[in-house]
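User: Can you walk me through this model? I'll ask as I go.

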Amino acid sequence: MPGEDAADLFDLGTVRPDEEFTQCYSGECRVNLLPTLYRLNHAISNATDLSAPLGMILDIMRAGMRMDRGAVSLLDRRRGRVFIHDSFGLTEEEERRGVYAPGEGITGKVVESGKVIIAPRLHENPDFLDRTGAHAGETRRKSAFVCVPITLGRKVLGAIAGERCYVSRRLLKQDAEFLAAIALMIAPAVELYLIANVERLELERQNRELKDALKERFRPTNIIGNSKAMMADVYALIGKVSKTRATVLILGESGVGKELVASAIHYSSDRADGPFIRFNCAAIPKSLAESQLFGHEKGAFTGATAQRKGSFERADGGTIFLDELGELSHAVQAKLLRVLQDRMVERVGSSQPVEVDVRVIAATNRDLPRMVAERLFREDLFYRLNVVPVTVPPLRERGSDVILLADHFVAKACAAKGKSVKRISTPALNMLMSYHWPGNVRELENAIERAVILSDDAVIHAWNLPPSLQTPSESGTRLGVGLDDRVRAVEHEMIVEAMKAADGNIGRAAELLRISRRMLGTRMERHGIDARAFRPPVLPPRS
């Protein structure tokens, strides 16, 4: 017991020297201490779990020390509670109810303080709670209660408690000392049990939290978005496939960021130090695609004045990303299939194969199964590429990611244009969220760049956004984007922004708009704007 003198630990407190204890049984058959301690130490040393030594301790308390009830309680630090692990003299229901918080009841105080507590008259002790209910109806029983902590160093792991009637103070103190010795012996086994069982749950919880934190920390830094569609369907697959060398086929509409996904897979893999070669199949003329992909020898065709390595050879030891895969000709498709099967390339004009160690990631916005059915794409190549498909959702299905991306593009455009835009107005945010974004992330980036350029007051307003976003429902108009409708929409937004800044104070809002209070009131009535909607809530007075 930390910092306590042994003599103090077993002080009986208010017990008078001449006080006698009622003898509740005949005879003083006492346990033989040394052989018992030896057997217990042997059982602890050879036990594979806690049940055998605890069972022996409870048997010693019941048969050798003639106790009526006994319990071994353990501390669950994860939940902050002390619970009965094993006992005798208690029913299963009573044992289940014996749960205490540290500092609560006699057992809780022992676990909290690490000190022995002896209650010569249990029923008269103010800390006695009878949480188990085992003493219900007992009013005149004069049993004593001994509770000793199970400690290892300065760490309290639990407590051993016993109850019986005694005939002398000396015997009570002797039993307390014996239980304290047993508690010291069992402490290492109790700690191992707690680590392997009770504390293991806490460690597993912490491990899960750490994994979640690492997952968030090492989420692809080049991709922005926290929507469920991205977390479950994209980030999870990136984390799994990046640990392998499987071929990946990235599907999705134009502008969703398929190249960013390919880049994230490469730089999260064990090939991150190798080259990442991008090849746009739609940007290269079909007559040159084969030479660009696989290379050519000198003199292979007109203009081939020197040997040239293709994209596959340059990607050796790394990853090649084949964008717009559906644009490849049948001849190149056939040669690509052989590369995927044999990991060998042949330069144009050469019959000597070159071995390459390349991971292939392909992407397309085309419907490849339909192209296979129409014989526009080789079926065998499709199945060879479609090992791990990753579908990137369109922006309209990514919810609040629109706002995250918009903020990112605002910061990016401000840095590039030397502007300072602080925020996006509420009507502009509503327009961004309600738009269907057929051009996906690429269209959003262009819209934000335009808005940053047109912004004059460090705020992106609805009228700074492209006309394609000026829908009637968001601009407050009923007829397209005519001049009068646009003026009404701008006026409505400026009044709303001013009322927000003024917390619903019409006079202050009029000053911000540089018009009279009467004129602002008239225009607010025209637009159906209520000043009360912008006033902060009034808190009730404190009683």
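User: Where is the place of A458?

Analyst: A458 is in the loop between helix 17 and strand 17 (459–460). Helices (H or I, at least four residues) and strands (E, at least two) are DSSP runs, numbered from the N terminus. This is a predicted model: local features need pLDDT of at least 70, side-chain atom pairs count only at pLDDT 80 or more, and totals for chains, interfaces and linings use all residues. Residues are numbered from 1 along each chain as its sequence is written, and side-chain values use heavy atoms, with hydrogens and water left out.

User: What is the phi of A458?

Analyst: Near 65 degrees, a positive value in a residue other than glycine. Most residues other than glycine have a negative phi.

User: Why does A458 count as partly exposed?

Analyst: Because its relative accessibility is 23%. Buried means under 20% relative accessible area, exposed over 50%, and partly exposed in between (1.4 Å probe, protein chains only).

User: And W437, buried or exposed?

Analyst: W437 is buried, with a relative accessible area of 1%. Its place is in the loop between helix 16 (426–434) and helix 17 (440–454). Phi of W437 is positive too, near 50 degrees.

User: Switching to R347. Where does it lie?

Analyst: In the loop between strand 12 (344–345) and strand 13 (354–355). R347 counts as buried because its relative accessibility is 12%.

User: What is R347 in contact with, leaving aside neighbours within four places in sequence?

Analyst: The list includes F294, H296, E297, R308, E313 and K335. Contact means heavy atoms within 4.5 Å. One of those residues, E297, makes a side-chain to side-chain polar contact with R347 at 3.0 Å. A polar contact is a pair of N or O atoms within 3.5 Å; within protein, one must be able to donate a hydrogen and the other to accept it, and residues adjacent in sequence count only if both atoms are side-chain atoms.

User: How many residues apart are R347 and E313 in sequence?

Analyst: They are 34 residues apart in sequence, and 9.7 Å apart in space, C-alpha to C-alpha.

User: K335 is in helix 12, right? Which residues of that helix are buried?

Analyst: Yes, K335 is in helix 12, and K335 is buried there, along with V332, Q333, L336, L337, V339 and L340. Helix 12 (residues 330–342) has 13 residues and reaches 19 Å from its first C-alpha to its last, close to the 18 Å expected. That expected span is 1.5 Å times one less than the number of residues.

User: What covers the buried residues of helix 12?

Analyst: The cover includes helix 10 (286–294), helix 11 (311–314), strand 11 (319–323) and strand 14 (359–364). Just after helix 12, R343 takes a positive phi of about 55 degrees.

User: Now sheets. What is the order of the 5 strands in the parallel one?

Analyst: It is an open sheet with the order 8-11-14-7-15. Strand 8 (276–280) and strand 15 (388–391) are the edges, each pairing on one side only. Twist averages 20 degrees from one strand to the next. Two strands pair if DSSP finds at least two bridges between them. Strand 7 (residues 248–251) and strand 14 run parallel, joined by 4 bridges. L251 has T364 in strand 14 as its bridge partner.

User: And the antiparallel sheet, what order?

Analyst: Its 6 strands run 3-2-1-6-5-4, again as an open sheet. Strand 3 (99–100) and strand 4 are the edge strands. Strand 5 and strand 6 (residues 155–164) are joined by 9 bridges, with I150 opposite G158. G158 is also the bridge partner of L74. In the hairpin of strand 5 and strand 6, 2 residues lie between the strands, and G153 takes a positive phi near 65 degrees.

User: How many residues of strand 5 are buried?

Analyst: 8 of its 9 residues, so the strand (144–152) is mostly covered under the cut-off of 20%. Helix 6 lies across strand 5 at about 35 degrees, and also across strand 1, strand 2, strand 4 and strand 6.

User: How do helix 3 and helix 6 pack?

Analyst: Helix 3 (residues 51–64) and helix 6 (residues 169–196) pack at an angle of about 175 degrees, axes 12 Å apart. Axes are lines fitted to C-alpha atoms, for helices over the stretch in contact, and angles run from 0 to 180 degrees between N-to-C directions. The two helices are therefore roughly antiparallel. Angles under 35 degrees count as roughly parallel, over 145 as roughly antiparallel, 65 to 115 as roughly perpendicular and the rest as oblique.

User: Which residues meet there?

Analyst: P53, L54, I57, I60 and M61 in helix 3 meet F178, L179, I182 and I186 in helix 6.
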